[in-house]
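User: Could you take a close look at one small part of this model, then work outward to whatever else catches your eye? I'd like the geometry spelled out.

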Amino acid sequence: MSSNKDISAPKIIKDRGSIHPINHLKDSIMNLLVSFGFEIIDGPEIETEKFNFDMLNIKKTHPARQMHDTFYVENKSNLLRTHTSPVQIRGMLEKRPPLAFISGGKVYRKDDDATHLPMFHQIEGILVDKNISFAHLKDLIYKIVYSLFGEDIELRFRPSYFPFTEPSAEVDILSSEGKWLEILGCGLVNPVVLENCNIDSNSYSGLAFGLGIERIAMLKHGVKDIRDFYKSNLDFLSQFK
Amino acid sequence: MKIAYRHLVEYINENPSIEEISDCLFQLGHEHEIEENIFNMEFTPNRGDCLSINGLLRDLSVFYNVNTNQEIYNDKLNKLEIDFENLSQDICPQISFLKLEIENIPNKYKDYLNDYFKDLNLNKNNFFTDISNYVSYENGQPTHCYDANKIDGKIVFKELHANQEFETLLEKKINLSDKNHVFLLNDKVINLAGVVGGKETSCSIDTKTVLVECAFFKPEAIIGKSVKYDIQSEASYKFERFVDPECQEKTIRRFIKIVEEHTNIKDVSLITYKYKKNNVTKIPVNTNVINQIIGTNISQNEYLTYLSKLGFIVNDENIEVPSYRSDIETQNDLAEEIARVIGYDNIERNEINIPKAKLSNIYDIENKLRFFLLDHGFYEVINSPFVGTGSSNSICVDNPLDSNKKFLRSNLTQSLLENLLFNERRQKDSIKLFEISDIYNIKDNKVNVSRKLAVIASGRAGHNYRDFSKKISKKYLDSLFRESLPSENFEFKVLSRDSLNTKVKNEIISCEVDISNFSTDVLSYSEISKPPESFIEYSPISDLPYSIRDLSFSVKDFTELDKFKKYILEFKHDLLKEVFIFDYFNNEKNAEIKIGFRFVFQSSDSTITETQVNNIIDVIIKHIEEIDGITIPGLN
């Protein structure tokens, strides 16, 4: 029989915490895009109508500007940004093309159900250079989707509508259950937006894309209710160590 | 919007299957689901022109030979004498009124009209309203039918700036407020323009003389009204998305034709007011630009053929945009038309190379702090910024989702405290949380932003035998943080539990620091663990209570010690959520090791019972009892 003098104590298993799965996914996608050549820029969550809507060719009559869709603050003097696109506007006003920016963060819309929340996260990217075409956009989107879901994933592009891109597209992936799931929106930057940012649209064109982090996180982790991400429940968070 | 397959296909010469049409619609960007041969369409907001059979057929005509020339009434019409004044001509630049009297109300509808109601499972109202709904389905232009005998005065169209009660034809009473474009009869609202008509002047099943109003309203006057007044209105859905400003007379004549096909018309007269000519958009032909935008190489002939099929009038110099395509203004718009026709998925990829950017490090300090906290057992949370209480410099949301949460939070700690209490209520005995977020407030009449890190912790220091009996305290956290980040000042404080609804007595320790206060020394922290690289399949969590069991063993024969520990720590059962060593004592003098394990059980579908727990524990005990030299003190 061995002596207990020779026995070493059990290894102390230190508790590890976890990065929030939304931030973890956001960081992973941002890092991927940085590796493609995009530069990270940042902007405020409290925005003006000018940057959130006007500069992006979202007309005064657009439904998104209604009080039932957008949170306004301080007697309508400002609003909670409804997307991260205004960061790109600020970036384009600051730097001259060629440019390639990404921005990620919280955005706000007046929704609240199992698949929508008043606060969620987006990553958007923009690239402005000479002779950028829809065929280039497709190449970039394929690279992003393949990196996120693997090269076996089937994807499709559907025409869509965003005031700040033309042509516009939504991209779906085919789930293992054979269902098409929308994962991102994209398009060529509407020349009106370039001109709003003092970029000559006859010389330059651009591509832009945006994706909702929660949507992709729900798909990747199999989370059915978006609200689970924000209950701060340790039983939930501890699964993402 | 619902459109029946058979209503579409009867105008398509090739007689395609529902699946073939569905594929074409997807390629064109018209999302839909199919239920029992009905397309449930979801159009993008710029394609108001597609909100009808004819509109959809116009788009499909790029793939098929389509004939949408429904018969219209071609005879000359008498001029209607009507007392009408338009005080908002900019919003309504064109309007027609048709007065029509019939001999008898038909007791049977023609097949096409019957099929519309039957196939789409719609309720019939009255003869004229039924035709109005059908015509709108067929060509996208809403019309409104008044019982002409109830119109006995001057009709005025204007923007009303006064509150007025209005009862809709669906018998819903609404209080019009702020500004609304309305039709007034003797100063009383009879129609919320483009949304819904009023009950007082509506048609009934006995109406034989109808006054049909057919107008073009600018979308800005209609947008938001149906939501504001909680009215389901197909008319407003169409007007919000732009109807064809040139189709009103054709619509009226189609209306008359359908009436004529059902009964004898005794009298009919029409008046059209056109205050402004509709602008025609012309875009120069430039195939090179189109190819450059899409990244294709199509010929000019191919390009112009596609546009012709879509209803554009083309010549070698210009492309004239049809009146129903308000969404087409630029070369990029035309490029999208061509890309849709080619099919986005048929456009070849062209490799893109982006020059490497300067690496940004704006998140590096934050990331280092995250990894440091992760290494020390802290979980990151993300909280909603909306809170119920604010201070004088808090930012107030004008239109909160919940009126009890109308402020933006001015600190992170309060949210973390709520998170901590939530987890305490879920029997968590070791809670360590952090959040990094922007905080907004008003400073010098301006929006001020600061980026904060907040940390909160309470309960046991950890789930291992060294930390289990230690309680998290200010001193504990101070020393933990100082050891790794000696030059940073965290200023931990104890939060009082006095006003908290909890029976737990553990100290709550927190701190909230401005990220800008951290020095670059943080960057030298060398992280131990990193977040997982592969994605974790999440298991749904249970809200049911835990059951906890502790088992303490006395080990006197050490040869089987490792095997014994491994057995317990790797024991698997669906109901066993966690097992860890909470106590360990090596008594060298007595040649005995005492080791305690904690088992945490939880069921996902019902409250776990004593019997369930006992059964699992018995399996473990039975196994251990067979090992010589290991006993459970006190167990008979």
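Analyst: First, a working rule: two residues are in contact if their C-beta atoms, placed from the backbone, lie within 7 Å. Keep in mind too that this is a predicted model.

The part I'd pick is the start of chain B. The domain assignment puts domain 1 of chain B at 2–60, followed by domain 2 (78–274), domain 3 (282–345), domain 4 (364–524) and domain 5 (547–631). Between the centres of domain 1 of chain B and domain 3 of chain B there are 21 Å, taken over C-alpha atoms. The two domains do touch, with seven residues of domain 1 of chain B in contact with seven residues of domain 3 of chain B. On the domain 1 side, that contact is made up of three charged, three polar and one nonpolar residue.

Now zoom in on the strands. Chain B has an open sheet of three strands, ordered β1-β3-β2 and paired antiparallel. The edges belong to β1 (2–4) and β2 (31–35) of chain B; each has a single partner strand, so one side of each has no neighbour in the sheet. From one strand to the next, the twist averages 30°. Strand β3 (residues 38–42) of chain B runs antiparallel to β1(B), and three bridges join them. If you want one register point to check, Ile3(B) has Phe39(B) as its bridge partner in β3(B).

The loop between β2 and β3 of chain B is where you'll find Asn37(B). Is Asn37(B) buried or exposed? A residue counts as exposed with 12 or fewer other C-beta atoms within 10 Å of its own. Asn37(B) has 12, so it is exposed. It still has partners from elsewhere in the chain: leaving out residues up to four places away in sequence, Asn37(B) touches Ala4(B), Tyr5(B), Arg6(B) and Ile18(B). Take Ala4(B): it is 33 residues from Asn37(B) in sequence, while their C-alpha atoms are 6.3 Å apart in space.

Staying in chain B for a moment, there's a backbone oddity worth a look. Most residues other than glycine have a negative phi, and most peptide bonds are trans. Asp187(B) goes the other way, with a positive phi near 70°. It sits in the loop between β11 (180–185) and β12 (188–192) of chain B. Asp187(B) is exposed, because just 10 other C-beta atoms lie within 10 Å.

Next, the partner chain. In all, 93 residues of chain B are in contact with 83 residues of chain A. On the chain B side, helix α12 (residues 331–342) of chain B gives the most, with six residues. By class, that side of chain B has 48 nonpolar, 23 polar and 22 charged residues.

Chain A itself has seven helices and ten strands. Its C-alpha atoms fill a box of roughly 85 × 45 × 40 Å along the principal axes, and 51% of its 241 residues count as buried.

For helix packing in chain A, try helix α1 (residues 21–36) against helix α6 (residues 213–221): their axes are 10 Å apart and meet at an angle of about 105°. That makes α1(A) roughly perpendicular to α6(A). Pro21(A), Ile22(A), Leu25(A) and Lys26(A) are what α1(A) puts in, and they meet Ile213(A), Glu214(A), Ile216(A), Ala217(A) and His221(A) in α6(A). Sorted by class, the contact has six nonpolar, two charged and one polar residue.

Helix α3 (residues 85–94) of chain A is mostly covered, with eight of its ten residues buried. Among these are Val87(A), Ile89(A), Arg90(A) and Met92(A). The cover includes β2 (46–47), α2 (49–52), β5 (99–108) and β6 (119–129) of chain A.

In the loop between α3 and β5 of chain A lies Pro98(A). A cis peptide bond joins Pro97(A) to Pro98(A), with omega about 5°. Another cis bond, with omega about 0°, joins Glu166(A) and Pro167(A), and Pro167(A) lies in strand β8 (residues 165–174) of chain A.

Last, chain A also has a non-glycine residue with positive phi: Asn57(A), at about 65°. Its place is the loop between α2 and β3 (72–73) of chain A. With 19 other C-beta atoms within 10 Å, Asn57(A) is partly exposed.

Definitions and conventions. Residues are numbered from 1 along each chain as its sequence is written. Chains are lettered from A and ligands numbered from 1 in the order in which they are written. This is a predicted model: local features need pLDDT of at least 70, side-chain atom pairs count only at pLDDT 80 or more; totals for chains, interfaces and linings use all residues. Domain bounds come from an automatic or database domain assignment. Ala, Val, Leu, Ile, Met, Phe, Trp, Tyr, Cys and Pro count as nonpolar, Asp, Glu, Lys and Arg as charged, and the others, Gly among them, as polar. Axes are lines fitted to C-alpha atoms, for helices over the stretch in contact, and angles run from 0 to 180 degrees between N-to-C directions. Helices (H or I, at least four residues) and strands (E, at least two) are DSSP runs, numbered from the N terminus. Angles under 35 degrees count as roughly parallel, over 145 as roughly antiparallel, 65 to 115 as roughly perpendicular and the rest as oblique. Two strands pair if DSSP finds at least two bridges between them. A residue is buried if 20 or more other C-beta atoms lie within 10 Å of its own, exposed if 12 or fewer, and partly exposed in between; C-beta atoms are placed from the backbone.
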